[in-house]
Amino acid sequence: MSEGKHRERDDRPAGGGVTTGELARRLGVSPTTLRTWDRRYGLGPARRDPGHHRRWSERDIAVLAEMGRLTSAGVPPAEAAGEALKLLDPGTAAESAPGSVIRTAPVPRARRSARPVPPHAPDALVRRRKGLSRAAVRLDAPTMQELLADVVESEGLVTAWQEVMVPTLHAVGRKWEEAGDRYVEVEHLLSWHISRTLHRCATEAEDPAPSSAPGARAPLVLACVPGEQHCLPLEALSAALGELGIPQRMFGAAVPVEAVSAAVRRTGPPVVVLWAQARSTASVPLARHIADTRWGVRGARGRPVVMLAGPGWAGPAVRGALRPGSLREALSQIGRVRASA
């Protein structure tokens, strides 16, 4: 749009508006990014007072928030800027501000969603990771949830977990380590939304039949070792098993030894998965104890195969235990055990 039209449609913001630094913190981008968006695409403040710092109105902020949402979804910046400007003048977004490279045709006022990233494109997963990371830094919960649901639907749960969710969690974790405690809230919010997505997948894939039904197979047992609170990877395994129709019982974080043993004796699982994120929580005696747990009547007793999952188990091996290196490998090993049973 023209600079004149942009300025005519906005009044002086109450209280002088928002400074560039404050807006950058609110949107989770750098002040340099805001200046670049202004210079290249005309996404600057509606009012600039001579001799004063830039002040951003609520209308300006809405446009920039839309710009951030679209770029997080993988839309090229130039195209995203054109869409964002339509929030101000839907019919005249073809006319960009001075210095802008946007040239788009008029469209109806209705807001269009971000262009989906085609699955399996060479850089699709990289773009999804970057988009999810940007949304997390901005604390943009709706966009995070939308991106997570989209990648699961288009790529499948296993690929979404291994190629998007885990790398993004690692990237945010590294940023946290480098910046002290500044990004704790980012990691917590991202983890919660990933957990929510995994729970939704697990809920949508219920056991095909009750474990007590004739011919039904015994469910697997999934549990974190005592003292282990980090259970997102175990939630991913639970959801993936649900998608495959494999019954399992997920007991979550920090399960006492007695509780795991009782669950094994009561359900007779073919596989017991013990997750340990840290070396300090992994316990070889615990793994051996579970591997020796028996169930059933005398003369027909069964025992489980123990799967030691997670980086905490890097150390002494447990005879007969499975040691998968990824979610995909864990599913493959579980499939072989069930087939041989």
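Over which residues does pLDDT stay under 50, and how many contacts beyond four places in sequence does the model have for them? One such stretch is residues 1-14, where pLDDT, the predictor's confidence in each residue on a scale from 0 to 100, stays under 50, and for which the model has 34 contacts beyond four places in sequence, a contact being heavy atoms within 4.5 Å. Before going on, I should say that this is a predicted model, in which local features need pLDDT of at least 70 and side-chain atom pairs count only at pLDDT 80 or more, while totals for chains, interfaces and linings use all residues. Residues are numbered from 1 along each chain as its sequence is written, and side-chain values use heavy atoms, with hydrogens and water left out.

For the chain, the mean pLDDT is 79, and 76% of the residues reach 70 or more. Residues 211-215 are another stretch where pLDDT stays under 50, and for these the model has three contacts beyond four places in sequence.

Let me turn to the helices, which, like strands, are DSSP runs numbered from the N terminus (H or I, at least four residues, for helices; E, at least two, for strands). Helix α2, residues 20-27, packs with helix α3, residues 31-41, at an angle of about 100°, and their axes are 8 Å apart. Here the axes are lines fitted to C-alpha atoms, for helices over the stretch in contact, and angles run from 0 to 180 degrees between N-to-C directions. The two helices α2 and α3 are therefore roughly perpendicular to each other, a term that covers angles of 65 to 115 degrees, with those under 35 counted as roughly parallel, those over 145 as roughly antiparallel and the rest as oblique. On the α2 side, Thr20, Leu23, Ala24 and Leu27 meet Pro31, Leu34 and Arg35 of α3.

Next come the charged pairs. Side chains of opposite charge can pair when their charged atoms come close. The structure holds five salt bridges, each being a side-chain nitrogen of Lys or Arg within 4 Å of a carboxyl oxygen of Asp or Glu. In one of them the side chains of Lys86 and Glu83 meet at 3.0 Å, N to O; Lys86 counts as buried at 9% relative accessibility, and Glu83 is buried at 16%. Buried here means under 20% relative accessible area, exposed means over 50%, and partly exposed lies in between, with a 1.4 Å probe and protein chains only.

Another salt bridge joins Arg128 and Glu155, at 3.8 Å, N to O. This pair links distant parts of the chain, with Arg128 in helix α6 (residues 124-137) and Glu155 in helix α7 (residues 141-155), 27 residues apart. Both Arg128 and Glu155 are buried, and salt bridges that share partners join Arg128, Asp150 and Glu155 into one network. Asp140 and Arg138 also meet in a salt bridge, at 3.0 Å, N to O, and both of these residues are buried.

What does a search of the whole structure find in the way of disulfides? The search finds zero, a disulfide being a pair of cysteine sulfur atoms within 2.5 Å. The sulfur of Cys224 is 5.0 Å from the closest cysteine sulfur, that of Cys231, which is too far for a bond. Cys224 is buried, with a relative accessible area of 1%, and Cys231 is buried as well, at 16%.

I will finish with Thr159, which has its place in helix α8, residues 157-179. Thr159 is buried, with a relative accessible area of 19%, and, leaving aside residues up to four places away in sequence, Thr159 touches Leu125, Val164 and Arg328.
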